[in-house]
Amino acid sequence: MKFLLKGLRNGLGAIIAFISWLIPTSKVKRTSTQQKKADEQTINIELYQFFGCPFCVKTRRMIRRLNLNIVTRNAQTIGSEFRDEMQRETGKVQVPCLKIIKGDEVQWMFESNDISAYLNKHFG
Ligand SMILES: N[C@@H](CCC(=O)N[C@@H](CS)C(=O)NCC(=O)O)C(=O)O
C-alpha cells in the first residue's frame, strides 16, 4: 500500500512537473553585466529538491522566472549523497531547501514561501 501511494505521488508529481515545463514563464531580463553579477552570487546557492514535489516545482519556476543559474540537488533517493547530507546537517529531509554558502557558514533555508521571498528580495 505504501509502495502504491509513493508511486501515485511520484506519477502525479511528474505530471505537475511536465505541465509546469509546458507553461512558459516570463523571465527577468538583465544586462550581461547584471547577469554575470547574479551568476557570481548564485554560485554559492544550491536547491535540494525532489523532481515531482509540487513545492519544488513552484520553487524551480521561481528560479526560472528570475533567470537564475542555481544548481539543483536530488535529495529524493534514499541513501543518496545529497539526501544524507541534508539529514546529517539539518536533522531532517524536507524539500525544497536552499543551501546558502557564505564563506565558512552554511545556511539551510526550508519552506518554499521563505525561499521565494529570499530569492525575490535578492534577485527580483
Ligand atoms: N510547507 C513546505 C512543504 C514541503 C513538503 O511537504 N515537502 C515534502 C515533499 S512534497 C517533503 O519534503 N517530504 C519529505 C519526504 O518525503 O521525505 C513548503 O512549502 O516547502
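So, how are helix 1 and helix 3 oriented to each other? Quick caveat before the reply: this is a predicted model, where local features need pLDDT of at least 70, side-chain atom pairs count only at pLDDT 80 or more, and totals for chains, interfaces and linings use all residues. Residues are numbered from 1 along each chain as its sequence is written, and side-chain values use heavy atoms, with hydrogens and water left out.

Okay, the helices. Helix 1 covers residues 2–22 and helix 3 residues 54–65, and they pack at about 20 degrees with axes 9 Å apart. Helices here are DSSP runs of H or I, at least four residues, and strands are E runs of at least two, numbered from the N terminus. The axes are lines fitted to C-alpha atoms over the stretch in contact, with angles from 0 to 180 degrees between N-to-C directions. Helix 1 and helix 3 are therefore roughly parallel, a label for angles under 35 degrees.

Who touches whom? Helix 1 brings Ile-16, Ala-17, Ser-20 and Trp-21, while helix 3 brings Pro-54, Val-57, Arg-60, Arg-61 and Arg-64; contact means heavy atoms within 4.5 Å.

Now the ligand. Residues around the ligand, meaning a heavy atom within 4 Å, include Arg-9, Phe-50, Arg-83, Val-95, Pro-96, Glu-111 and Ser-112. A ligand nitrogen is 2.7 Å from a side-chain N or O atom of Glu-111, and a ligand oxygen is 2.6 Å from one in the side chain of Ser-112. At Val-95, a polar backbone atom is 2.8 Å from a ligand oxygen.

Stay with Val-95 for a second: a cis peptide bond joins Val-95 to Pro-96, with omega about 0 degrees. Pro-96 sits in the loop between helix 4 (81–90) and strand 3 (97–102).

How values were computed: Angles under 35 degrees count as roughly parallel, over 145 as roughly antiparallel, 65 to 115 as roughly perpendicular and the rest as oblique. A polar contact is a pair of N or O atoms within 3.5 Å; within protein, one must be able to donate a hydrogen and the other to accept it, and residues adjacent in sequence count only if both atoms are side-chain atoms.
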